[in-house]
Each structure stands twice: as structure tokens, then as C-alpha cells.
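New to this one? Let's walk through it with a few "why" and "how do you know" questions.

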Amino acid sequence: MDYQAVLEEVAAHVEPQIGRGRVAQYIPALASVDADRFGIALADVDGRVTGVGDWERPFSMQSISKAFSLALVLADDGEKLWRRVGREPSGNPFNSLVQLEYEHGIPRNPFINAGALVVTDRLHTLTGDASTTMLDFLRAESGNPELAFDQEVAASETAHGDRNAALAHFMAGYGNLDNPVPTVLEHYFWQCSIEMSCRDLALAGGFLARHGLRADGSRLLSSSEAKRVNAVMLTCGTYDAAGDFAYRVGLPGKSGVGGGIVAVVPGRCTLCVWSPGLDARGNSVAGVAALDHFTTLTGWSVF
């Protein structure tokens with residue numbers, strides 16, 4: 001298959017969607033991003049990568065980081081994590097406090113903010129430095145040693161992170177955090193602030209298409225664990241729009257309010273699309289449309 005031609009056709013098809021939606025407003029450092037940007041990259045399981053548009057322009061990965069922190073914890077700690085966080089779709093906004101109260105401090109899944117805080121907490125306990133562990137992993141898998149935290153974004157999230165602080169304190173009250181709340185929040189915000197391009201993210205997510213094998217051929221996850229990460233991405237990876245994403249795209253995916261979405265075609269490739277204009281649920285308008293058209297063109301999905 002001529003991936004370049006497919007991606008060019010996808011970009012042409014979604015051009016009317018580019019710029020639609022609104023960039024993330026609640027994180028001031030993201031509010032000034034140009035909504036008219038669009039890039040898409042595809043990395044096959046052998047590490048060959050191609051892309052179109054702004055596919056090599058870095059952007060804030062935000063909640064896409066949650067998929068990588070989950071994989072790192074499962075790789076080090078196995079199934080123990082699931083005692084502290086569920087695997088069910090939330091049906092509520094990603095920063096909702098409601099479910100935590102009637103579920104006694106156990107987040108519904110690892111991709112809502114509360115669940116990601118628990119995962120970050122566990123990763124920090126296992127490694128002693130959750131955010132640097134993730135950055136080092138992403139540098140290795142993407143082959144880009146220049147990846148870095150965006151200090152402005154991290155500071156902006158910290159200054160406007162009251163809802164996340166409330167989630168963390170609430171879970172700490174139920175004994176579901178091992179580390180001090182300020183430490184967990186700091187590493188969570190630093191993880192979300194990492195800047196990566198579509199190229200970087202498509203390559204970094206390749207282990208999910210290779211059934212758990214890293215870029216160097218070593219094993220991060222068993223095939224079963226990789227399947228499970230992909231399954232949770234499919235059912236929970238796009239906030240409270242996961243059902244619609246599965247219906248339209250038919251692939252495991254993880255989005256972020258920076259406008260990026262990583263999607264996995266197991267055994268074939270990993271894709272990353274970026275366009276900062278978001279819908280009401282926090283997913284890239286043009287990004288979802290691009291992945292929808294990609295699976296329509298190729299016939300590739302998990303169904």
C-alpha cells in the first residue's frame with residue numbers, strides 16, 4: 001500500500017474540517033495554539049514512517065501520555081494496578097468528580113484524569129521519577145533524543161489545576177494514593193506537557209502495534225498485556241465519546257486536548273493525527289474525521 005498517497009487523500013478529504021472546533025481554553029498555554037494546523041503520520045511495525053502536513057511539528061501530547069504511563073506500569077507491576085482503577089467507560093467528562101464519590105475513590109478507568117493520577121502515582125512508586133521515566137521511554141521509542149517537557153505548559157497546568165488537585169485529594173482520602181498529592185500532581189502535569197510531533201508519537205506507540213515489542217526488539221508487554229492496553233484505549237481512550245469513536249474509526253485510540261490522537265492497527269501500524277480544534281468532548285474534530293476516512297479507505301479496523 002502507498003501510505004503517502006493514502007495520507008494525502010485523507011488530508012485532502014478532511015481539509016474542510018481543519019480549524020473547526022475550539023482549542024483548549026482551560027489551559028492558558030494551549031489557548032493560543034493555531035487551530036488551522038493539521039498533520040498526520042503513519043509508522044509501520046518495522047519503523048518506517050511517513051506523513052503529511054504538520055506531521056513533524058511538535059505539540060503538547062497532554063492525555064495521550066496516559067496510554068504510555070499505563071503501559072509502563074503494567075510492564076513493571078502486572079495486574080496489581082487493577083485493584084486501584086477500573087476498566088469501564090466513564091460516560092462522564094474526563095475531569096468529573098461525580099463517579100469517584102459513589103465508587104469510593106476508585107476511578108472508572110485509567111484514561112480519565114482521576115485514573116491517570118492513580119497510574120502516575122504507581123509509576124512514581126515503582127521508578128522514583130514518573131515523569132522522567134516516561135520522557136526517557138518516549139525518547140527511546142521515537143528515536144528522538146531531543147524530546148522535552150514544555151515548562152510553560154506544565155506551569156500553566158499547575159496554576160490552573162484545581163480540579164485535578166481536588167480529584168487527587170479525594171482519592172488520597174480513600175487511601176488510593178501512595179505518594180503525597182503535590183508530588184503526584186507535579187509528575188502528572190510534567191508528563192502531559194511533553195512536546196512531540198505526529199512522527200514521534202506514531203513511532204513511540206509502535207509497541208502496541210507490535211504486540212508489545214519495543215523499537216529495539218525487546219519486549220515491554222506480553223501479547224496479552226498489549227491487547228489489554230489496546231482494548232482499554234478502544235473503550236475509554238477518547239473521553240466520553242469513546243463509543244462514537246469506536247463506531248466511526250474502529251481502532252484503539254487515545255486523544256489529548258492538545259489536539260493529538262494516537263490510533264493503533266494491531267500487526268500493521270500506528271497512526272498519529274494532530275489538529276488543535278476540539279469538539280465539546282475534547283477530541284480533535286479534524287483528527288477524528290481523518291482517522292474515520294483512513295479506516296474507510298484502507299478497510300483496516302479491529303472489527
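What follows is a short round of questions and answers about cores and strands.

This is a predicted model, where local features need pLDDT of at least 70 and side-chain atom pairs count only at pLDDT 80 or more, while totals for chains, interfaces and linings use all residues. Residues are numbered from 1 along each chain as its sequence is written, and side-chain values use heavy atoms, leaving out hydrogens and water.

Q: Why is strand β8 called mostly covered?
A: Buried means under 20% relative accessible area, with a 1.4 Å probe and protein chains only. In β8 (residues 269–274), 6 of its 6 residues pass that test, so "mostly covered" fits. A strand here is a DSSP run of E with at least two residues.

Q: How do you know that both faces of β8 are covered?
A: Side chains in a regular strand alternate between the two faces of the sheet. On one side C269, L271 and V273 are buried, and on the other so are T270, C272 and W274.

Q: What makes β1 and β8 a pair?
A: Pairing takes at least two DSSP bridges between two strands. Strand β1 (residues 39–44) and β8 have 6, in the antiparallel sense, so they count as paired. A43 stands opposite T270 in β8.

Q: What makes β7 and β8 a pair?
A: Strand β7 (residues 260–265) also runs antiparallel to β8, over 6 bridges. I261 has V273 as its bridge partner in β8.

Q: Which residues does L201 touch, not counting those up to four places away in sequence?
A: Contact means heavy atoms within 4.5 Å. L201 touches F59, M61, I64, F68, M196, V262 and C272.

Conventions: Buried means under 20% relative accessible area, exposed over 50%, partly exposed in between (1.4 Å probe, protein chains only). Helices (H or I, at least four residues) and strands (E, at least two) are DSSP runs, numbered from the N terminus.
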